[in-house]
Amino acid sequence: MTNLEKPYGETEFDPVRAFLGCLMACSAERARELLAGMRPSDADPGVRGVVFDLAVRVTGAGVSPDPQVLVAEARRRGLLATRDQAHGLAMWVFETYQRAPWPEAGWVLRTHVLETAYRRAVAEHAQRLAQAAETAATEQLPALLEPSDELVDLGQRLATDLARWQRDIGPDVIEHRRAA
């Protein structure tokens, strides 16, 4: 019997990696649409953030962010100083591409990336607030309750993407598409 909690075993869905894989399968124009309004900080730090930044840079130059282009750009920018770094990044990029969903999933994955980034930012804000609650002067606490401009911006961008889904994907749209 399939375990519905974890139908693929211990594998966890990684929205940033799925989105990056999706971008690698897109044309430069489609990737540009999907990346519009996104920030490098929306990706996790580490390899995801590096590859996200590479994708933004090559797409901004009008080049499709396919795996070979991303690895070549990493090399050109001096990010692959050792053979192990080059091999590790290349393997990560190509495995991400191999597991990539279709480019049509881009908007859904983009929304998941924004949601993940928003949750991470809220958790970081809460952690800073909890630490400050223990050590900060009482007069400073009200100012610490206010979210940062970055957190507010991220929340607004997520709300915009979620509203797009509410507006664009409704039962009437699906019925219309079936009739066509």
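## Nonpolar core

The largest nonpolar core holds 36 residues, and F19, L20, L23, V51, F52, L70 and V93 touch the most other members. Seven helices give two or more residues each to this core: α1 (15-24), α2 (28-35), α3 (47-60), α4 (67-76), α5 (83-98), α6 (106-135) and α8 (149-168). Helix α1 provides the largest share, 7 residues. This is a predicted model.

In soluble globular proteins, nonpolar side chains tend to be buried together.

## Contacts of F52

F52 is one of the core residues that touch the most other members. Leaving aside residues up to four places away in sequence, F52 touches F19, L20, L35, M38, R39, P40 and A43. Two of these partners, F19 and L20, are also among the residues with the most contacts to other core members.

## Fold and chain

The chain has 9 helices and 0 strands. Read from the N terminus, the order of elements is α-α-α-α-α-α-α-α-α.

Contacts reach far along the sequence. Of those between residues at least 6 apart, 71% join residues at least 24 apart.

## Burial and surface

The chain has 180 residues, and 33% of them count as buried. Buried here means under 20% relative accessible area. The accessible surface of the chain is about 11600 Å². Carbon and sulfur atoms account for 55% of that surface.

## Largest pocket

The largest pocket has a volume of about 240 Å³. It is lined by 11 residues, with E12, F13, D14, A18 and R99 the closest to its centre. By class, the lining has 5 nonpolar, 2 polar and 4 charged residues.

## Second largest pocket

The second largest pocket encloses about 160 Å³ of space. Its lining has 13 residues, and those closest to the pocket centre are S41, D42, R120, E150 and L154. Helices α6 and α8 are the elements that give two or more residues to this lining. Both helices also give two or more residues to the largest nonpolar core.

The lining of the second largest pocket divides into 7 charged, 5 nonpolar and 1 polar residues. In the largest pocket, the lining has 4 charged, 5 nonpolar and 2 polar residues.

Terms used: Residues numbered from 1 in each chain as written. Predicted model: local features only at pLDDT ≥ 70, side-chain atom pairs only at ≥ 80, totals over all residues. Heavy atoms only, no water. Core = buried A, V, L, I, M, F, W, Y, C linked by side-chain atoms within 4.5 Å. Buried < 20%, exposed > 50% of the residue type's maximum accessible area, 1.4 Å probe, protein only. Helix = DSSP H or I, 4+ residues; strand = E, 2+ residues; numbered from the N terminus. Contact = heavy atoms within 4.5 Å. 1 Å grid on protein atoms, 1.4 Å probe; cavity = no way out; pocket = protein on both sides within 12 Å on 5 of 7 lines; lining within 4 Å. Points joined across faces, edges and corners; volume = space filled by probe spheres on them. Nonpolar A, V, L, I, M, F, W, Y, C, P; charged D, E, K, R; others polar. Areas by Shrake-Rupley, 256 points an atom, 1.4 Å probe, with all protein chains shown as cover.
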